[in-house]
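Here is a walk through one model, sheet by sheet and then loop by loop. Have the sequence and the 3D view open as you read.

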Amino acid sequence: MKIESKCIHEGYKPQNGEARALPIYQSTTWKYDTSEEMGKLFDLEKSGYFYTRLQNPTNDCVANKICALEGGVAAMLTSSGQAANFYAVFNICEAGDSFISTKNIYGGTYNLFDVTLRKLGIECIFIDQDASEEEIDKAFKANTKLVFGETIANPIVSVFDIEKFAKIAHKHGVPLIMDNTFATPINCRPFEFGCDIVTHSTTKYMDGHALTVGGVIVDSGNFDWMKYGDKFHGLTTPDESYHGITYCERFGKGAYITKATAQLMRDFGSIQAPQNAFLLNIGLETLHLRVPRHCENALKVAKFLSTHPKVAWINYSDLENDKYHALQQKYLPNGSCGVMAFGIKGGRSASLKFMDSLKFVQIATHVADSKTCLLHPASHTHRQMSDEQLLAAGIKPDLIRLSVGIESVDDILEDIKQALDKVEI
Ligand SMILES: *Cc1c(COP(=O)(O)O)cnc(C)c1O
């Protein structure tokens, strides 16, 4: 199937006489005729359902659809993008380990890596994504377990050089994990460029309508954990907390996701509600229609802003003079996404005046849904960060993050135009 058809048909294929729409399995538990049968499920000897915290058929169908869209071998849904990134890292890192991440990542992920994981004894070494291979090499330690980056960074919308980082990660015997939220598998499938594991906040384009918070982790199945067995002993040696199972031996390419389900979902329980998975699935059916429209509208808005006398600067990699245009052409040739970042001349106060003058475009702590919206990270999402931290993460205090929706671009442009007129510089 082509990707457009996968958006609609993957994950759930009704048999003769079954419902065409994905059923919601609104049940905590499953019933078995014999105690032995249920025991086998607990031993992971048989696959089947017993408790929704571990697995639910509605969730599995949606995870399998996203898995097919990314071209992976196994996937799991989580309650949020935050949970997805936490599980993705914690599945292979433990106290005493370190990992490498680019520093210009989503604020919530930055905080998770810099503060919360540090409390758990896991060190995140932040690097500049534009650093040379030699500089990045120097960040690796003997205890480094993975490299992390965002395909399109939220909110500065820089484009990640997937092949460069995959090569460096593999040279050091660790996987590359990428948050592919903004690109979606419609515009970029990181596995095709050597990435090993992909995460998403499904809250964004995948849901697409700002209805449900959710996340997903997809494994390409390509990373050879056994080759570096000592490093990834959680996957390559028996798990005493799960009947002595060795995930790599028992589950092969499914080892990473099975471990994340059997250990992390069991213990932390960040399951996606089946109702939310059902709504997410409706969003996924039109992902291939919405993403190109977001990009088309966004490019028109970006072109308008880039020549406006009151606009100080703009980041949108589809623009020919953008710093990341060459990488966008390589990894996202059909367009990057609907999100851009820009600043208004006159700085912080002019930016606020602009935002407060908008009538059609909404101020919202969101991106990547059907309605055009914007926010000012320094006063909203990143307000816990100091100015130094903001600048270190590449976020200027005047940065406005604009998420272009799928309304008529004429209405979006008209509103932005009139709001800019109200700004005095
Ligand atoms: C929103 C977002 C997250 C966090 O996802 P939630 O679903 O809000 O928990 C992670 N990464 C990126 C790139 C995001 O945009």
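Let's start in the middle of things: Gly149 has Met178 of strand 5 as its bridge partner. Keep in mind as you look around that this is a predicted model. That bridge belongs to the pairing of strand 4 (residues 144–150) with strand 5, which run parallel and are joined by four bridges. A little further along, Val147 sits opposite Leu176 of strand 5.

**The seven-stranded sheet**

Strands 4 and 5 are part of an open sheet of seven strands, ordered 1-7-6-5-4-2-3, with mixed pairing. Who stands at the edges? Strand 1 and strand 3 (123–127) do; each has a single partner strand, so one side of each is left without a neighbour in the sheet. On average, neighbouring strands here are turned by 20 degrees against each other, direction ignored.

How well covered are the strands we began with? Strand 4 is mostly covered, with seven of its seven residues buried. As a reminder, side chains in a regular strand alternate between the two faces of the sheet. Strand 5 (residues 176–179) has both of its faces covered: Leu176 and Met178 are buried on one side, and Ile177 and Asp179 are buried on the other.

On the other flank of strand 4 comes strand 2, as the sheet order shows. Strand 2 and strand 4 pair in the parallel sense over three bridges, and Ser101 stands opposite Phe148 in strand 4. Strand 2 also pairs with strand 3, again in the parallel sense, over five bridges. In that pairing, look for Phe99 opposite Cys124 of strand 3.

The parallel pairings covered in this report, from both sheets, can be set out like this:

| Strand pair | Bridges | Facing residues |
|---|---|---|
| Strand 4 and strand 5 | four | Gly149 and Met178 |
| Strand 2 and strand 4 | three | Ser101 and Phe148 |
| Strand 2 and strand 3 | five | Phe99 and Cys124 |
| Strand 10 and strand 11 | two | Ile363 and Leu374 |

**The five-stranded sheet**

The last row of the table takes us to another open sheet, this one with five strands in the order 8-9-12-11-10 and with mixed pairing. Its edge strands are strand 8 (311–315) and strand 10 (362–363), each of which pairs on one side only. Strand 10 runs parallel to strand 11 (residues 373–375), with two bridges between them, and Ile363 has Leu374 of strand 11 as its bridge partner. Helix 15 (residues 347–356) packs on this sheet, where it touches strand 9 (339–344), strand 10, strand 11 and strand 12 (400–403). The direction of helix 15 makes about 120 degrees with that of strand 9.

**Loops with something odd in them**

Now back to the end of strand 4. The loop between strand 4 and helix 7 (162–171) holds Pro155, and a cis peptide bond with an omega of about 10 degrees joins Asn154 to Pro155. Val157 lies in that loop between strand 4 and helix 7 too. Though not a glycine, Val157 has a positive phi of about 50 degrees. For context, most residues other than glycine have a negative phi, and most peptide bonds are trans.

Is Val157 buried or exposed? Its relative accessible area is 3%, under the 20% cut-off, so Val157 counts as buried. Compare Ala210, in the loop between strand 6 (197–201) and strand 7 (215–219). Ala210 also has a positive phi, of about 60 degrees, without being a glycine, but at 41% relative accessibility it counts as partly exposed.

Asn104 is in the loop between strand 2 (98–102) and helix 5 (107–119). With a relative accessible area of 10%, Asn104 is buried. Its C-alpha atom is 6.4 Å from that of Ala153, although the two residues are 49 apart along the chain.

Glu45, by contrast, is exposed at 52% relative accessibility. Glu45 is placed in the loop between helix 2 (35–42) and helix 3. Leaving aside residues up to four places away in sequence, Glu45 touches Lys40 and Arg250.

**The largest pocket**

Finally, the largest pocket holds about 700 Å³ of space. It is lined by 29 residues, and Leu54, Gln55, Asp60, Thr258 and Thr261 are the closest to its centre. Helix 3 (57–70), strand 1 (74–78) and helix 11 (255–268) each give two or more residues to the lining. Helix 11 provides the largest share, five residues. By type, the lining divides into 17 nonpolar, nine polar and three charged residues.

Note on methods
Residues numbered from 1 in each chain as written. Predicted model: local features only at pLDDT ≥ 70, side-chain atom pairs only at ≥ 80, totals over all residues. Heavy atoms only, no water. 1 Å grid on protein atoms, 1.4 Å probe; cavity = no way out; pocket = protein on both sides within 12 Å on 5 of 7 lines; lining within 4 Å. Points joined across faces, edges and corners; volume = space filled by probe spheres on them. Nonpolar A, V, L, I, M, F, W, Y, C, P; charged D, E, K, R; others polar. Pairing = 2+ DSSP bridges. Contact = heavy atoms within 4.5 Å. Axes fitted to C-alpha atoms, helices over the stretch in contact; angles between N-to-C directions. Buried < 20%, exposed > 50% of the residue type's maximum accessible area, 1.4 Å probe, protein only.
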